[in-house]
Amino acid sequence: MAYTTINKSTLHFNTLTWTGTGSSNARTGLGFQPDWVWLKNRGATSNHHVVDVVRGITKELRPNLNNTEATDDQLITAFGTDGFT
């Protein structure tokens, strides 16, 4: 199997942190269009939320639960060229 070298990992993986307001806001600054987003509230106990382009923005995985897939049309509303909304 051939392997390739990733010279700049931030073109493929990045982390954003922010303080939520409960309003819909675009989160930008990733440096690429994400295909997969993992959200976790760091200030309170809540579920993990994973959204990907294969399932679509209304489907989420909750990897910390046994019933892992759910529908939520309020979590992520769009994948953008530099982040997500």
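The following is a conversation about how the terms used for this predicted model are justified.

Biologist: What makes the secondary structure of this protein a pattern of strands?

Modeller: The assignment comes to 0 helices and 6 strands, and read along the sequence the protein therefore follows the pattern β-β-β-β-β-β, since helices and strands are taken as DSSP runs.

Biologist: How do you know that β2 and β3 count as paired, and how do they run?

Modeller: Two strands pair if DSSP finds at least two bridges between them, and 4 bridges join β2 (residues 36–39) to β3 (residues 49–52), so the condition is met. The two strands run antiparallel, and W36 stands opposite D52 in β3.

Biologist: Which residues of β2 lie on its covered face, and which on the uncovered one?

Modeller: V37 and L39 make up the covered face, whereas W36 and W38 make up the uncovered one. In a regular strand the side chains alternate between the two faces of the sheet.

Biologist: Why is a group of residues that includes V37 and L39 called a nonpolar core?

Modeller: The term requires buried residues of the nonpolar kinds, joined through side-chain atoms within 4.5 Å, and the largest set of this sort has 6 residues, namely V37, L39, V51, I76, F79 and F84. In soluble globular proteins, nonpolar side chains tend to be buried together. F79 also touches residues outside that set: leaving aside residues up to four places away in sequence, its contacts include Q33, P34, D35 and D52, along with the core members V37, V51 and F84.

Biologist: Why is D52 called buried, while R55 is called partly exposed?

Modeller: Buried means under 20% relative accessible area and exposed means over 50%, with partly exposed in between. D52 has a relative accessibility of 6%, so it counts as buried, whereas R55, with a relative accessible area of 38%, falls in the intermediate class and is therefore partly exposed.

Biologist: How do you know that D52 and R55 form a salt bridge?

Modeller: The closest N and O atoms of D52 and R55 are 2.5 Å apart, and the cut-off is 4 Å, so the pair qualifies.

Biologist: What makes D52, R55 and E69 one network?

Modeller: R55 also meets E69 in a salt bridge, at 3.2 Å from N to O. This pair links distant parts of the chain, with R55 in the loop between β3 and β4 (59–61) and E69 in strand β5 (residues 69–71), 14 residues apart. Salt bridges that share partners thus join D52, R55 and E69 into one network. E69 itself is partly exposed, with a relative accessible area of 49%.

Biologist: How many salt bridges are found in the whole structure, and is E60, which forms one with R62, buried or exposed?

Modeller: A search of the whole structure finds 3 salt bridges. In the one between E60 and R62 the closest N and O atoms are 3.2 Å apart, and E60 is buried, because its relative accessible area is 1%.

Biologist: Why is L11 called partly exposed, and which residues does it touch?

Modeller: L11, found in the segment before β1 (27–28), has a relative accessible area of 45%, and because that value lies between 20% and 50% the residue is classed as partly exposed. Not counting residues up to four places away in sequence, L11 touches G31 and F32. The C-alpha atoms of L11 and V53, 42 residues apart along the chain, are separated by 17 Å.

Notes
Residues are numbered from 1 along each chain as its sequence is written. This is a predicted model: local features need pLDDT of at least 70, side-chain atom pairs count only at pLDDT 80 or more; totals for chains, interfaces and linings use all residues. Side-chain values use heavy atoms; hydrogens and water are left out. Buried means under 20% relative accessible area, exposed over 50%, partly exposed in between (1.4 Å probe, protein chains only). Contact means heavy atoms within 4.5 Å. A salt bridge is a side-chain nitrogen of Lys or Arg within 4 Å of a carboxyl oxygen of Asp or Glu.
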